[in-house]
Amino acid sequence: HVRATGGNRWQFFNHETDRMVRERILMKRALKEAIEGNELRLEYQPQICADDNTVYGFEALARWHSPSYGEVPPYKFITMAEETGDIKALGEWVIREACRQMAEWKLSGVRIHSVSVNLSALNFRCPYLPSVIAGLLKEYHLPGNMLTIEITESAMLEFDSGILKRIQEIRDLDVGLSIDDFGTGYSSLSRLTGLPVTELKIDKSFIDRFQYDEKVAVLVKAITGIGRSMGMSVVAEGVETKDQLELLKKIGTSEIVIQGYYFSRPLPADMVPDWLTLYAENEF
Ligand code: C2E
Ligand code: MG
Ligand code: MG
Ligand code: MG
């Protein structure tokens, strides 16, 4: 092992790199244990129909509070799980937990239309994914249309014929298929004709800019138009202010679903019933 040829600074970096590599290995091991040990949690973010203010559904977002590392953000642990292959177990856990939670809400009289879960492109490589989903819907006595699978537009680039077949099988269960972060993935619009898509989610980056940039506003309006005329739901991600909400309605996109901090941050599952009660009592 050759070290410290260039003085202290170089040695420091070497130590630092070693430390980071070791840390990452340990963290990946902890993540595997967290997935297997049911230590992950889902938070649920409400989605609201802009035209009549009814609750459209919730997006389930994975959370990892590690005893050793604290709250680890999803972009970090999802990437790690993709690198280790643990994303398969994570994806299946997320679907199971969302179904379990919906069944629990159903039994206790909490009315939820649907929950969306996020899957990585790698999850679609698993030939059993459709039967795993079918099995979970059956186990928890849920109709397929209470579940939506979100896949990012950039992940669509990796789709081969096997994956397309599995997506169709999932759609045949009446499960929804949503294209997440739409508009950022460099995929061609013709992709939309070959896939059984039920929902488009306009990426937050457009919602951040459309008030200040006329061209972005035109895009948001056009995407909504394309989605709606193809019979899809269209969701705007990351709506934070009343101004954004009002402007979305004004540019003629009242047939849009709003998701963002303006209505609510993602909520722990046990806060969802109270949130629904409060929401029903208040005017937004
Ligand atoms: P995403 O699927 O696009 O989820 C939306 C993200 O935007 C969430 O971040 C949400 O908390 C955040 N968000 C929602 N409304 C607002 C808003 O008004 N303002 C701002 N600033 N942010 C808002 P989160 O929970 O950190 O998740 C980040 C990404 O991690 C997700 O993006 C998704 O790609 C991925 N992810 C989360 N959970 C899972 C999972 O269970 N499986 C997989 N494969 N990916 C997941
Ligand atoms: Mg999503
Ligand atoms: Mg998104
Ligand atoms: Mg996004």
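Is E59 buried or exposed, judged by relative accessibility? In this predicted model, E59 has a relative accessibility of 5% and therefore counts as buried, since burial is assigned under 20%. The side chain of E59 is engaged in a salt bridge with K201, for which the closest N and O atoms are 2.7 Å apart. Because E59 belongs to strand β2 (residues 55-66) and K201 to strand β7, this pair ties together parts of the chain that are 142 residues apart in sequence. K201 is likewise buried, its relative accessible area being 0%.

The wider architecture gives the setting for this contact. The protein chain contains ten helices and ten strands, and its C-alpha trace spans about 65 × 50 × 45 Å along the principal axes. For a chain of 284 residues, a compact globule would be expected to have a radius of gyration near 19 Å, and the value of 21 Å computed for the protein chain agrees with that expectation. Buried residues constitute 46% of the 284 residues, and, of the contacts with a separation of 6 or more, 68% are formed by residues 24 or more positions apart. The accessible surface of the protein chain amounts to about 14,800 Å², with carbon and sulfur atoms contributing 53% of it.

A search of the whole structure identifies 17 salt bridges, among them the bridge between K32 and D86, in which the closest N and O atoms are 3.0 Å apart. This pair links distant parts of the chain, given that K32 is placed in helix α1 (residues 8-36) and D86 in the loop between α2 (74-84) and α3 (87-107), 54 residues apart. The two partners fall into separate accessibility classes: K32, at 37% relative accessibility, counts as partly exposed, whereas D86, with a relative accessible area of 10%, is buried. A further salt bridge joins the side chains of R171 and D174, with an N to O distance of 3.9 Å. Here R171 is partly exposed at a relative accessible area of 24%, and D174 is also partly exposed, at 39%. In addition, R24, K28 and E83 are joined into one network by salt bridges that share partners.

Acidic side chains also take part in metal coordination. The protein donors of the magnesium ion (ligand 4) are provided by D181 (OD), D203 (OD) and E237 (OE), at distances of 2.2 to 2.7 Å from the ion. The spacing of these donor residues in sequence follows the pattern D-x21-D-x33-E. Since D203 is located in the loop between β7 (199-202) and α7 (204-209), while E237 is part of strand β8 (residues 233-237), the pair formed by D203 and E237 ties together parts that are 34 residues apart in sequence. Both D203 and E237 are buried. D181, for its part, bridges the magnesium ion (ligand 4) and the magnesium ion (ligand 3), and these two ions lie 3.0 Å apart.

On the surface, a nonpolar patch is formed by L189, I226 and M230, which together present about 250 Å² of accessible area. Of these residues, I226 is situated in helix α8 (residues 214-229) and, at 32% relative accessibility, counts as partly exposed.

Notes: Residues numbered from 1 in each chain as written. Chains lettered and ligands numbered in written order. Predicted model: local features only at pLDDT ≥ 70, side-chain atom pairs only at ≥ 80, totals over all residues. Heavy atoms only, no water. Donors = N, O, S within 2.8 Å, 3.2 Å for Na, K, Ca; no water. Helix = DSSP H or I, 4+ residues; strand = E, 2+ residues; numbered from the N terminus. Buried < 20%, exposed > 50% of the residue type's maximum accessible area, 1.4 Å probe, protein only. Salt bridge = Lys/Arg side-chain N within 4 Å of Asp/Glu carboxyl O. Patch = residues over 30% accessible without salt bridge, like charges linked within 9 Å, V, L, I, M, F, W, Y side chains within 5 Å. Areas by Shrake-Rupley, 256 points an atom, 1.4 Å probe, with all protein chains shown as cover. Rg over C-alpha atoms; globule rule 2.2 N^0.38 Å. Contact = heavy atoms within 4.5 Å.
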